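Visitor: I am new to this structure and would like a close look at a single part of it. Please take your time and connect what you describe to the parts around it.

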Amino acid sequence: LTVKKDRTGIVNTDGLNVRLSASAKAPAVKSLKKGAAVIITSEAMNGETKWFAVAGGFVAARYVDLKA
């Protein structure tokens with residue numbers, strides 16, 4: 001059994017929407033500024049798009065740079 005540790009990411013675009021579910025059609029619940037740190041607790045795929053679960057919802061993975 002492998003348990004992944006939560007990862008930290010940095011938002012790489014201004015006004016990144018945090019959505020209720022892993023879908024661009026899902027309602028946005030808040031917006032994050034460029035440079036904001038997020039804790040990624042899991043990942044989800046919706047079609048070709050990868051999403052990260054963060055506090056309050058989901059963000060599109062392409063707009064978050066993972067910290068090493």
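Which side chain of opposite charge is nearest to Arg 19, and how far away is it?

Guide: The model you are looking at is a predicted one, and with that in mind we can begin with Arg 19 and then follow the chain outwards. Arg 19 lies in strand 2, which covers residues 16-19. The nearest side chain of opposite charge is that of Asp 14, which is 14 Å away. Because a salt bridge needs a side-chain nitrogen of Lys or Arg within 4 Å of a carboxyl oxygen of Asp or Glu, Arg 19 is left without a salt bridge, although this residue is buried.

What the side chain of Arg 19 does reach is the backbone oxygen of Ala 26, at 2.6 Å. If we set aside residues up to four places away in sequence, the residues that Arg 19 touches include Ala 24, Ala 26, Pro 27 and Ala 28, and further along the chain Arg 19 also touches Trp 51, Gly 56, Gly 57 and Phe 58. These names will return when we come to the hairpins.

A second residue to consider is Ser 23, found in the loop between strand 2 and strand 3, the latter being residues 28-32. Ser 23 is buried as well, since its relative accessible area is 16%, and the side chain of Ser 23 reaches the backbone nitrogen of Lys 25 at 3.1 Å. Beyond residues up to four places away in sequence, Ser 23 touches Asn 46 and Trp 51; Trp 51 is also listed among the residues that Arg 19 touches.

Trp 51 leads us to strand 5 and strand 6. Strand 5 takes in residues 42-46, and strand 6, residues 49-54, pairs with strand 5 in the antiparallel sense over five bridges. Within this pairing, Trp 51 in strand 6 stands opposite Ala 44. The two strands form a hairpin with two residues between them, and in the turn Gly 47 has a positive phi of about 65°.

From strand 6 the chain continues into another hairpin, this time with strand 7, and here too there are two residues between the strands, with Gly 56 taking a positive phi near 95°. Strand 7 is made of residues 57-60, and four bridges join this strand to strand 6 in an antiparallel arrangement. One of the paired positions is Val 54, whose bridge partner in strand 7 is Gly 57. Gly 56 and Gly 57 were both named above as residues that Arg 19 touches.

Charged residues elsewhere make a contrast with Arg 19. A search of the whole structure finds two salt bridges. In one of them Glu 43 meets Arg 7, the closest N and O atoms being 2.5 Å apart. Glu 43 lies in strand 5 and Arg 7 in strand 1, so this pair ties together parts that are 36 residues apart in sequence. Glu 43 also meets Lys 50 in a salt bridge, at 3.6 Å from N to O, and thus Arg 7, Glu 43 and Lys 50 are linked in a network of salt bridges. Whereas Arg 19 is buried, Glu 43 is partly exposed at 36% relative accessibility, Arg 7 is partly exposed at 27%, and Lys 50 is partly exposed at 35%.

Arg 7 in turn brings us to an open sheet, in which three strands are arranged in the order 4-1-8 with antiparallel pairing. Strand 4 (37-40) and strand 8 (64-66) stand at the edges and have a single partner strand each, so one side of each is left without a neighbour in the sheet. From one strand to the next, the twist averages 40°. Strand 1, residues 7-11, is joined to strand 4 by four bridges, and the bridge partner of Arg 7 in strand 4 is Ile 40.

Finally, the loop between strand 3 and strand 4 holds Lys 34, which counts as exposed because its relative accessibility is 58%. Lys 34 and Asn 12 are 22 residues apart in sequence, while their C-alpha atoms are 5.3 Å apart in space. Leaving aside neighbours within four places in sequence, Lys 34 is in contact with Val 11, Asn 12, Thr 13 and Asp 14, and with Asp 14 we return to the residue named in your question.

Notes:
Residues are numbered from 1 along each chain as its sequence is written. This is a predicted model: local features need pLDDT of at least 70, side-chain atom pairs count only at pLDDT 80 or more; totals for chains, interfaces and linings use all residues. Side-chain values use heavy atoms; hydrogens and water are left out. Two strands pair if DSSP finds at least two bridges between them. Axes are lines fitted to C-alpha atoms, for helices over the stretch in contact, and angles run from 0 to 180 degrees between N-to-C directions. Buried means under 20% relative accessible area, exposed over 50%, partly exposed in between (1.4 Å probe, protein chains only). Lys and Arg count as positive and Asp and Glu as negative; His and the chain ends are not counted. A polar contact is a pair of N or O atoms within 3.5 Å; within protein, one must be able to donate a hydrogen and the other to accept it, and residues adjacent in sequence count only if both atoms are side-chain atoms. Contact means heavy atoms within 4.5 Å.
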